[in-house]
Structures are given as C-alpha cells and as structure tokens.
Amino acid sequence: MFRYNFIYELKLLLRSRWIQLLSILLLLLFGFSTINGKSKVVKREVDISVAKQEVEETDKAMLKLLDSVEQGLEVSVPSWTIPSSPMAVGNYHPRVAAMDPQPMAFISTGQADLFTHYIKPTVSGDDFALNFTEMTSPVQLLFGSFDLAFVIVYLLPLLIIAFTYNVLSSEKEQGSLRLLASQPISLRKWVFQKLMLRFFWLSLLVTLSLVVVILVAGVQPLQWSGILILLGLALCYMLFWFALAFLVNIFVDSSAKNAVSLIMLWVVFVLLMPSVLNQVGNTLYPIPSRTLMINEMREHKAEATKRQDEILDNFLRDHPEYAINDSTQSRNFYHRYMASQKVVKEELKPIVDAYETQLQKQQSWAQKLQWISPTIVVQESLSQLAGTSTADYGNYRKQVMAFAGQWRAYLTTFLYNNTPFSQKDYLSLPQFNYQAAKSNSVFTSMLVLLLIAILLIGFGFAVQGKTQQKGILSN
Amino acid sequence: MIITNNLTKQFGDFTAVDNLSLSVKEGEILCLLGANGAGKSTTINMLLGFLKPTSGAATINGLDVVKNELKTKEFITYIPENLMLYPTLTAIENLDYFSGIAGKKLSTETLIGFLREAGLQEDAFQKRISTFSKGMRQKVGIALALAKDTKVLLLDEPTSGLDPKASNEFGELLQKLKNKGVAVLMATHDLFRAKEVATHIGIMKNGKLRQQFVAEDISLPQLEKAYLDTMNHLEVMS
C-alpha cells in the first residue's frame, strides 16, 4: 500500500495545484521573515559598531589629553573631565558592554525588541539603575516580530491544518471512501500513511524553502549546524501538528468539523496556553515593583549622603587594600561618594535579591510548565538558538553587572591610592567580552516533541475512532 | 461463495436486516429487489465490514466477514450506486492505485487489457476520471474486479441512473464475470435488469427475504406481480 500511496499522493497533490500554491507561500513567508530578521540583526550590529567607534574616538582624544597632561601642558577642558583623574576615565570614557548577535540571531527576535544590546556602565553609576530596556513600537509589541520563529511557531501549523484537515473526510465527501474502504486495507493505517507522506512532502518543501532563502540571504559556514538544528526543531514541531491532525481525522467526521477542531487546537496551544501560563505565573509569583525598589534605593542614598564622612572612615578601615600605596591621604568628593555607594549597595542587596528571586521563581515556573504547550517549547528553543531568549538576556545582564563591578574596582584603586591615570594604564583598562550561554535544551525539546507526536499517534491507533463507532461508511 | 446465516442488524429498536439467510455460489448472480429501506444496502454493508451484524453470521469464500474483515476484502470488489474515483487521476492511474493498494502489482499493459475487457473505449484510458460519465466509471469498477481477480462482486444499485445502452452493456459485463466464476450479489430496484442478468432473484421487505426465485423459472410479468404482491402485503412469505 505504501508504494502506491507514495506515488499517487504526490500525483494528487501536484494536480490539485495546492502544493504549488503552498510552495510559493512558504517561500514568501520564509523569505520575508528571514530578510526581516536579518535586517534587525544588521541594525543591532550597526548600533553596537557605532557605539564602539564612538568609544574609540573618545579614547583617542583621551590619550591625546593624557599625553598633554603628562608633558605638563595646559589643557582646555573642564577640570573634572581631565582623564588623569580615574573618575573622569570611569565616568566619561566607559567601555561598551555589548551583547553581540549570535550567528543564528536572525531566526528569532525573542527578547531583542525589549532589551538593549549595549550598555556603558560608568564608575559612579548604580548597577540597579542600569537601563536594559529599549523603547519599542507598541504596534510591534502587539503583533510580535515577523521573523522565522513567528512563521514556524504560528503560521506553519496553520498551513499544516490546511494541508491535513480533510484527508479522510474529503474521501467521504467526494464519494471515494466506500470504494477505498472495500479494499483489504486498514483505513487508520491508510490515513496515517497519507499524513506521513504529506509530512514528508511538506518537510521537503520547508527544507528547500529554508535552504533557498538562507542561501539568498547569505549564510556563514558556521551557521550550517545551527540551520540543521533549526530544521530538526521545525520538523519535530510539524510532526506534532501532523499527529494532532491524525487524531482529528480519525475521531471527527466532516471536513468542516475537522477544520474547526484543528483551529481550536491551534488557538489553545498557540494563543491560550502561553497566555494562561503567563497570567498564572504573575499571580503565583508577583514581581515587586521596580519603581518602589528604585525609590527605596534613592532614600538609602540620601541617607548615606548625610553621613558620608563616617562611611568613608569605616570603609577605609574595612578596605585597607584600596589605599595601600597612598601617601597623601587626600580625600575629596569621589572618595566619600564611592564609599557611600558601596554601603548603599550592601544595604540594598536584600531588596534587590528579593526582586531577582521572585523574577527567577516566575521564570523557573514558566520554564517547568512550558512542556504543556509544544508551541512554547519551540518558541523558547528557537530564541535560545538565536541567542535572544530571556535566559540569554539574563546572562548578559549578569555579565554587565560583573563588568561594571570590575570597572569600578579597577578605577577605585587609583582613586583611593590617589594615583593619576596615565597613558600606560590605558591598555590594562578592563574590557567587556560577551560570552554566550551554551544550552543543549534544544535537543531535549526535539526529543520531547517527538515523544509527544509518537504518543498521540499511538493513542490514535489504540483507541477506536468514530469512523467505526458511528459507522461513517454505512451512510 | 457468499453465505449469510440468520444475519441481523438492528439500529436501536429498528431492525434493518432480520434473520437473513442466503447463499450465492460461484458463477451465480443473486439480485436482491426491494423498496428503499428493505435492508439490501445494509446487507452489503455488513458483507463489506462497514457495519457489524447484531447477530447471525456471514462468510465470504468460507471466511467470517467480522473475524477476517481485511482478508475477505481481498476476494471482494464493491461497486456502489455512484462509483467515485479520484477525479484528477486517469482511468489507468485509478485502476493502478486501487488494485495496487489491494495488493496487486500489475503492469500498465495488463491494466490496459482489463480496461479494454471492461469495455472502456481506448481513448478514455489516459483521460482524467473527472471527464467520465457514470457508465464509464462503472466500467473502471468492473476493470478493478478483473484486476483484483475478484471472487465476489457486490453491487449496490449499479445501473441506477444509467441510460439503457450503458445499462445493457453493464449487464453484459456481469455475464462475463459470472462466466469467469464470480459470485455476484446485486441490490437493485430494476426488475427488468434483474430478470436479464440474474441466476437467482430475491425480494426483500422490512429486512426479511420474503421471496426467492430461480430467474429462469419466472417470467418478467410474474416477477413484477410477485414484487408488487410482496410490497402490498405485509405477511406474504415464500
């Protein structure tokens, strides 16, 4: 039976012109979404490169100024910006802490439209007040980004529904089902074979369309492994939808009911479950207000400002390493300010930790329950593959915080030792290098999707369908 | 070849087929006559495994149709009232597909031979079924019976809606199959065609086989009278 189904399924598909239409549609969808995704990545790269270029230029100016200062020449800039002061370097010549786009970033915008991709932490700035969010168009937030992930997660299931909803019911409606059922074949097996063949042809189309689009859009050799993983994930997700279509085909009878049932499943898995999960997560683990946290921080700072001298004394007692080479014992505004900053940071730690813990709880809850909807699994996996997932931005944020600490510590040592910053120190300035997190959960996702699909198909074979119960063939 | 023994099918309180016992041997054509709802199609549906009998048994080629549903279908070709094939495939392709999934791997030449034997005109072999008349589609159905080397042919109102010439051609094809030893069970309203092609004729009413004749022993007027009598009198029994 398989050989004949294989040959004639293709003939039937080709002659129905449906496959031609589908191929064009897939190419257009993949093409547009890839170009859209690429353009966002390019914009991100340009933004980062412009920021780095700006730093390079200000660094050149800084080195010139340092040279003049070191030669004892007079410089015509405000005194607090002269780079021989470590605080001037720390505040007016910060490094760019950039989250460079990953090779597969174009496939999923993920959180990229919400968070910024570079920050310049200053020596006297607050880590808590580092602004990671980015202003985005509310229209884009409402509809999401039209990237490859959107096409695969949201639109591909709709194409599969259109491609599969009437495999058995159309036979009944066009009158060929009774002749078919009078052959020595199991109808369930026949439906399964037809669906698997459609899965095969659609997979081929998806693969070809993706390869064509990616080749046209330009791809780096290193990206091919990522593209293979993307393809594997897309195929596993498609198989899940084909398995659902198999169940609907054998348990429901008319084409209209099948189509409505599959659309309902799409609404449940693609729209409802992610939204419910989000709402329940917010209810179970409400995140404390960030505004309240910042207000509290300001209050602590104001309080600390009043007792800066006392704080500085305590600070230097606690941290003799900072002033080990200081022979002048000169103290100015920044000595007091930086010491009080450290105290404020320590005092605020429990509040910040509570905020972070609650956020982590909410995210870990969502992470655990993502398995109830393959859609969430795939969306999350694609974002991970693109390096734009919530976890990736969390990882970037942590690295920026650590770098800000490193930057501050490096320059604070100059401050408390009352040592001027010189040209020779320039090369030892801390640099930020973003390290992308490595995750193997994409493979777990593929495995889980495969398992769900196999279970659904197994259920379809194990449980008697409406076809036999209600005598679909007897009318 | 076809044997039913007290075959009964109930839908709730309604008895569609009531203790039906009949047999059709090799080379016999049994025409079941009866009004709509007499139980003719339900009988065929049970023989095809589309419906499970409430009680009684039916065998095809000695095999129980319930216990050996798929195996019995290897011997059967079924032609419904309106045989629908895949409209975008040609006659040869349809024949290749249906005989193929039934387990018969045949060459194109052999398939053409069967279509020719079924009386389909040569220029229609490569045409899509969407352009075919009902009579032409029935011929593809007969070609399928030939391709499957069928032992049992089940026909449900096959000549309904056919013009007299096509109906006559169909009758001739049935005679050919009968001569090849095929057992034919045909449900029909067409008394004339039944008298023409059948070796045996049964009249059904309310799920029961009320009268049964050897076709040779009864003239068309006698058959018509017996039919009308059966329809008009509830309890007339053979």
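**Two chains and their contact in a predicted model**

The contact draws on 21 residues of chain A and 25 residues of chain B. On the side of chain A that touches chain B, two helices, α1 (2-15) and α7 (177-181), each contribute at least two residues. Of these, α1(A) provides the largest share, with five residues. In character, the residues on this side of chain A comprise nine nonpolar, nine polar and three charged.

The model is a predicted one, and the predictor's own scores therefore belong beside the description of the contact. For the complex, the predictor reports an ipTM of 0.89 and a pTM of 0.84. Within chain B, the mean pLDDT is 90, and 98% of the residues reach 70 or more. The elements of chain B range from helix α6 (residues 164-179), which has the lowest mean pLDDT (87), to helix α3 (residues 91-101), which has the highest (94). As a general caution, predicted coordinates should not be read in detail where pLDDT is low.

Chain B may next be considered through its annotation. An unreviewed UniProt entry lists residues 2-231 of chain B under "domain: ABC transporter". In the model, this span is 36% helix and 27% strand, and the C-alpha atoms at the two ends of residues 2-231 of chain B are 26 Å apart.

Chain A carries an annotation of another kind. For this chain, an unreviewed UniProt entry lists residues 148-168, 195-218, 224-252, 259-277 and 442-463 under "transmembrane region". Two of these spans can be described from the model. Residues 195-218 of chain A are 96% helix and 0% strand, with end C-alpha atoms 33 Å apart. Residues 442-463 of chain A are 95% helix and 0% strand, and the end C-alpha atoms of that span lie 32 Å apart.

A further feature of chain A is the packing of two of its helices. The axes of helix α10 (residues 255-284) of chain A and helix α14 (residues 374-386) of chain A approach within 8 Å and cross at roughly 80 degrees. Because angles of 65 to 115 degrees count as roughly perpendicular, α10(A) is roughly perpendicular to α14(A). The residues of this contact divide into seven nonpolar, one polar and no charged. From α10(A) come F269(A), V270(A), M273(A), P274(A) and L277(A), which meet P374(A), T375(A) and I376(A) of α14(A).

Technical notes: Residues numbered from 1 in each chain as written. Chains lettered and ligands numbered in written order. Predicted model: local features only at pLDDT ≥ 70, side-chain atom pairs only at ≥ 80, totals over all residues. UniProt positions renumbered as here; feature names shortened; annotations may be inferred. Helix = DSSP H or I, 4+ residues; strand = E, 2+ residues; numbered from the N terminus. Axes fitted to C-alpha atoms, helices over the stretch in contact; angles between N-to-C directions. Parallel < 35°, antiparallel > 145°, perpendicular 65-115°, else oblique. Contact = placed C-beta atoms within 7 Å. Nonpolar A, V, L, I, M, F, W, Y, C, P; charged D, E, K, R; others polar. pLDDT = per-residue confidence, 0-100.
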